[in-house]
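Here's a friendly walk through one structure, in questions and answers. Have a look at it first, then read on.

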Amino acid sequence: MGFDEMDVDTIWMDGEFVDWDDAQIHVLTHGLHYGSGVFEGARCYDTEQGPAIFRWDEHLERLYQSCKPYEMEIDHSRAELTEATVELIQRQDLASCYIRPIAFYGYNSLGVSPGDCPTRTAIAVWPWGAYLGEDALENGIEVMVSSWRKHASSQIPTNAKTTGLYVNSMLAGEEARRNGYAEAIVLNKEGDVAEGPGENLFMVRDGEIYTPGLSESILDGITRDTVITLAEDLGYTVHDTVSISRGELNTADELFFTGSAAEVTPIRKVDNVVIGDGSRGPVTEELQSKFFEVVERRTDEYDEWFDYV
């Protein structure tokens with residue numbers, strides 16, 4: 001569904017609420033030419049207690065941390081961004097939505113150095129269902145290992161959620177879709193598993209759970225951290241600092257993606273190799289069920305993860 005089909009009409013931009021169609025920038029904006037921006041993706045869930053933003057503090061913290069390598073200063077406090085986001089959701093009467101804060105170097109000069117370019121900040125919210133489709137959550141998706149490699153942290157900081165870096169994700173994802181797959185898996189420069197274009201990856205083997213460590217050129221995903229916490233609280237052993245070889249994907253009992261957009265999405269095939277029995281595995285199903293129980297507030301556990309609108 002395109003934005004024109006959605007019932008959203010307001011964006012917060014640099015301290016003001018503006019009409020959706022008026023939230024514009026100059027064509028010579030630094031961030032447009034050089035990808036010099038940082039962003040976040042969070043979700044607000046419809047719960048019996050009202051709309052609830054999931055792990056908002058952690059998303060804000062990562063936004064500000066992502067600015068540091070680029071010496072970018074957001075001219076608004078965390079409290080201001082939180083207040084703006086809550087009011088934006090209220091103004092558009094959304095029970096659930098996706099939340100996209102972004103900060104980027106704006107218009108002033110167009111050398112590679114941002115120089116005196118101002119930092120612009122905006123927040124948009126809109127209704128967004130299952131990122132990879134509702135069927136994917138139950139039946140899983142087919143993915144391919146991309147020919148594109150994930151950049152290393154010695155080249156560009158991998159733990160900063162930087163706008164320009166998602167060209168790498170776009171190339172991998174579009175390659176997969178051209179070949180008939182729903183999504184890609186990207187390897188790091190060593191040839192081991194990094195992550196998906198917009199998701200972290202988990203593997204289940206012999207009842208234990210594995211996910212590539214932060215040194216494997218991955219983003220430190222907030223949903224990744226959530227699932228690790230839920231899994232350990234459910235009694236699973238989680239190995240979260242490991243390297244996973246490409247070959248291990250084919251012999252895994254279960255594989256799944258996590259992410260604010262993807263939530264918990266099973267993987268049923270990799271490069272046409274069937275994973276497990278080709279359906280959502282029991283560990284994935286238990287973790288997915290627990291995840292949605294938590295985010296939909298059907299349990300009193302983990303209430304500290306939520307900011308109610």
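Two strands pair if DSSP finds at least two bridges between them, and helices (H or I, at least four residues) and strands (E, at least two) are DSSP runs, numbered from the N terminus. This is a predicted model, where local features need pLDDT of at least 70, side-chain atom pairs count only at pLDDT 80 or more, and totals for chains, interfaces and linings use all residues. Residues are numbered from 1 along each chain as its sequence is written, and side-chain values use heavy atoms, with hydrogens and water left out.

Q: How many bridges join β1 to β2?
A: These two strands run antiparallel. They form a hairpin with two residues between them, and Asp 14 in the turn has a positive phi of about 50°. The number of bridges joining β1 to β2 is four.

Q: Which residue of β7 does Met 13 stand opposite?
A: On the β2 side, the bridge partner of Met 13 is Glu 16. β1 also pairs with β7, in the antiparallel sense and over two bridges. There, the residue opposite Met 13 is Ala 122.

Q: Which residues point the other way from Thr 10 and Trp 12 in β1?
A: In a regular strand the side chains alternate between the two faces of the sheet. Buried means under 20% relative accessible area, exposed over 50%, and partly exposed in between (1.4 Å probe, protein chains only). Thr 10 and Trp 12 go one way, all four residues are buried, and the ones going the other way are Ile 11 and Met 13.

Q: Which two residues touch the most other members of the largest nonpolar core?
A: A nonpolar core is a set of buried Ala, Val, Leu, Ile, Met, Phe, Trp, Tyr and Cys residues joined through side-chain atoms within 4.5 Å. The largest one has 36 residues, and the elements giving two or more of them include β1, α3 (78–91) and β6 (97–105). The two that touch the most other members are Ile 89 and Ile 99.

Q: Which residue numbered above 300 does Ile 89 touch?
A: Contact means heavy atoms within 4.5 Å. Leaving aside residues up to four places away in sequence, Ile 89 touches several residues, among them Cys 44, Leu 94 and Ile 99. The one asked for is Val 309.

Q: How far apart in sequence are the parts that Glu 263 and Arg 43 tie together?
A: A salt bridge is a side-chain nitrogen of Lys or Arg within 4 Å of a carboxyl oxygen of Asp or Glu, and the side chains of Glu 263 and Arg 43 meet in one (3.7 Å, N to O). Glu 263 counts as buried at 5% relative accessibility, and Arg 43 is buried too, at 7%. Glu 263 lies in strand β15 and Arg 43 in strand β4, so the parts tied together are 220 residues apart.

Q: Are Arg 177 and Glu 174 in a helix or a strand?
A: Their closest N and O atoms are 3.0 Å apart, in a salt bridge. Arg 177 is partly exposed at 39%, and Glu 174 is partly exposed at 36%. The two sit three residues apart, about one turn, in helix α5.

Q: How many salt bridges does a search of the whole structure find?
A: Another of them joins Asp 220 and Arg 224 (3.9 Å, N to O). Arg 55, Glu 58 and Asp 225 are linked in a network of salt bridges. Over the whole structure, the search finds 21.
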